[in-house]
Amino acid sequence: TGFGLDIRKQGEEDFDVTWSIKSKLKKDELNEQTMLVGWANAAPAWAIMNPMYAMFVNDLELKEGEKMSLFGAGTVKVTGKESVGGRTGFVCKYFQKTDGAEELIWEWTVDPDLALPIKSIVHDGGRETSRAELTGYSKD
């Protein structure tokens, strides 16, 4: 799944914002449940509004090697940088302790110049369950 974000300045304080989502599906997957539920799972706004993202986005310094504990619920670690959709961001991974071992739950690639995740991946039980990535970026 990929997403696009189009932000156009309309005035000193006004902007038009357009989100677009692109998914590849098989013919038998095209049904109303996929269209509604699949969209909700892939929407970049869902990643941004996630409480875990909101908790660390203001306080975590985006530089490789940084880490932050989230009220004992888990740890966010900045593990490196990567390019996604023509933008570069810091890879931030959220881990929780499960049976004494750290388990990767969520990862975001955050572009500090956009202040948005350009990639979001959810993990469950050691496997990827959903992914949303910026597929392109342009600026007027």
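The exercises below, each with a worked solution, concern the protein shown above.

The structure is a predicted model, in which local features need pLDDT of at least 70 and side-chain atom pairs count only at pLDDT 80 or more, while totals for chains, interfaces and linings use all residues. Residues are numbered from 1 along each chain as its sequence is written, and side-chain values use heavy atoms, with hydrogens and water left out.

**Exercise 1.** State which pattern the helices and strands follow along the sequence.

*Solution.* Begin with the elements, which are DSSP runs numbered from the N terminus, helices being H or I with at least four residues and strands being E with at least two. The protein has three helices and eight strands. Reading along the sequence then gives β-β-α-α-α-β-β-β-β-β-β.

**Exercise 2.** Identify the residues of the largest nonpolar core and the strand that supplies its largest share.

*Solution.* A nonpolar core is a set of buried Ala, Val, Leu, Ile, Met, Phe, Trp, Tyr and Cys residues joined through side-chain atoms within 4.5 Å, where buried means under 20% relative accessible area, exposed over 50% and partly exposed in between (1.4 Å probe, protein chains only). The largest such core has 12 residues, namely Met-68, Leu-70, Val-76, Val-78, Phe-90, Cys-92, Tyr-94, Ile-105, Trp-106, Trp-108, Val-110 and Val-122. Strands E4 (75–84), E5 (87–98) and E6 (101–111) each supply at least two residues of this core, and the largest share, four residues, comes from E6.

**Exercise 3.** Describe how E5 pairs with E4 and with E6.

*Solution.* Two strands pair if DSSP finds at least two bridges between them. E4 and E5 are antiparallel and pair over nine bridges, with Cys-92 in E5 as the bridge partner of Val-78. Their hairpin has two residues between the strands, and Gly-85 takes a positive phi near 60° there. E5 and E6 also run antiparallel, joined by nine bridges, and Lys-97 stands opposite Glu-102 in E6. In the hairpin of E5 and E6, again with two residues between the strands, Asp-99 takes a positive phi near 50°.

**Exercise 4.** Decide whether Phe-15 counts as buried, partly exposed or exposed.

*Solution.* Phe-15 is found in strand E2, which covers residues 15–22. Because its relative accessibility is 46%, Phe-15 counts as partly exposed.
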